[in-house]
Amino acid sequence: MRIPRIYTDSALSEGNTTDLDDNAAQHVGRVLRMQPGQELLLFNGDGNDYPATITESGKKRVEVRVGTPVANTTESTLDIVLGQTLSKGDRMDYAVQKAVEMGVTRIVPLTTERCDVKLKGDREDKRLRHWQSVAVSAAEQCGRARVPEILPVMTLPDWFDHTEDCDLRLVLHHRTEQSLDTLARPARVALMIGPEGGLSPEEITAAETAGFLPVALGPRVLRTETAPVAAIALCQWLWGDIGS
């Protein structure tokens, strides 16, 4: 049986016995119904995996004994910040999930001219918590020991300012002949993905003025949830850890 990987926001220290936080405890005790003596692989975002053995287990409380931490080597050397325009239904969930699997560092939801999803106040907070949960589940599944942070929704001017520390900033735009394989190897990349109706000409111009380079992924128009997966995969292939 495969040993479950579980994220916890609890502090983990070799040899200590500790209670899992509520979310992790409910998943282990209520969903997986694991029992004392069974093994887990825990991570809390510090870059290590922690083998652990369950010492007590209930539906609401799970106690574990933490073993020797092991450095997790699944993080890419390429730092990718994804700016993903908000989309309806499960499309945003899909984009977040796959971006985490592909190795992004941060995800920034964006609001743009043709974006028809409006989030404010409690509704925005609820969606951000949901997307962070999606990111946690994706990290558990794909073997990462760090969970990308989902930042608050940004306007394009805020996004432009947020990515000033990136040495390569790209906006996907199918009406350009610039391709990724002609660019110099970066250490930190910002990817900007438009909505279902595409970015407006004014937004493309604003991105270029801010230092973003329009790039095309091929002759076909990709859906807003497909584009980040394709773009991240190509970036990782050219400059990161896919195929290395």
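Author: Buried means under 20% relative accessible area, exposed over 50%, and partly exposed in between, with a 1.4 Å probe and protein chains only as cover. The model is predicted, so local features need pLDDT of at least 70 and side-chain atom pairs pLDDT 80 or more, while totals for chains, interfaces and linings use all residues. Residues are numbered from 1 along each chain as its sequence is written, and side-chain values use heavy atoms, without hydrogens or water.

Reader: Is Arg-33 buried or exposed?
Author: Arg-33 sits in the loop between α1 (22–31) and β3 (39–43); helices (H or I, at least four residues) and strands (E, at least two) are DSSP runs, numbered from the N terminus. Its relative accessible area is 64%. That value is over the 50% cut-off, so Arg-33 is exposed.

Reader: What is the phi of Arg-33?
Author: Arg-33 is not a glycine. Its place is in the loop between α1 and β3. Even so, its phi is positive, at about 55°.

Reader: How many residues of β11 are buried?
Author: Strand β11 spans residues 188–193. It is mostly covered. Of its six residues, the buried ones number five.

Reader: How many bridges pair β7 with β11?
Author: Strand β7 covers residues 79–85 and runs parallel to β11. Two strands pair if DSSP finds at least two bridges between them. In β11, Leu-191 is the bridge partner of Leu-82. The bridges between β7 and β11 number six.

Reader: Which residue of β11 does Val-171 stand opposite?
Author: Strand β10 (residues 168–172) also runs parallel to β11. Four bridges join them. Opposite Val-171, in β11, stands Met-192.

Reader: How many salt bridges does the structure hold?
Author: A salt bridge here is a side-chain nitrogen of Lys or Arg within 4 Å of a carboxyl oxygen of Asp or Glu. Arg-5 with Asp-49 is one of them. Arg-61 with Glu-56 is another. The structure's total is 12.

Reader: How far apart are the closest N and O atoms of Arg-5 and Asp-49?
Author: Arg-5 and Asp-49 form a salt bridge. The pair links distant parts of the chain, with Arg-5 in β1 (residues 5–7) and Asp-49 in β4 (residues 48–57), 44 residues apart. Both residues are buried. Their closest N and O atoms lie apart by 2.9 Å.

Reader: Why do Arg-144 and Glu-75 tie together parts apart in sequence, and how many residues apart are they?
Author: The two side chains meet in a salt bridge, 2.7 Å from N to O. Arg-144 lies in the loop between α3 (121–142) and β9 (149–150) and Glu-75 in the loop between β6 (70–71) and β7, so the pair ties together parts whose separation in sequence is 69 residues.

Reader: What is the relative accessible area of Glu-75?
Author: Its partner Arg-144 is buried, at 4%. Glu-75, by contrast, is partly exposed. The relative accessible area of Glu-75 is 27%.

Reader: Which residues do salt bridges that share partners join into one network?
Author: Arg-61 and Glu-56 form a salt bridge with closest N and O atoms 2.7 Å apart. Arg-61 is partly exposed at 37%, and Glu-56 is partly exposed at 36%. The network is made of Asp-19, Glu-56, Arg-61 and Glu-63.

Reader: What separates the C-alpha atoms of Asn-23 and Glu-208?
Author: Asn-23 is in helix α1. It is exposed, with a relative accessible area of 65%. Glu-208 lies 185 residues from Asn-23 along the chain. Their C-alpha atoms are separated by 43 Å.
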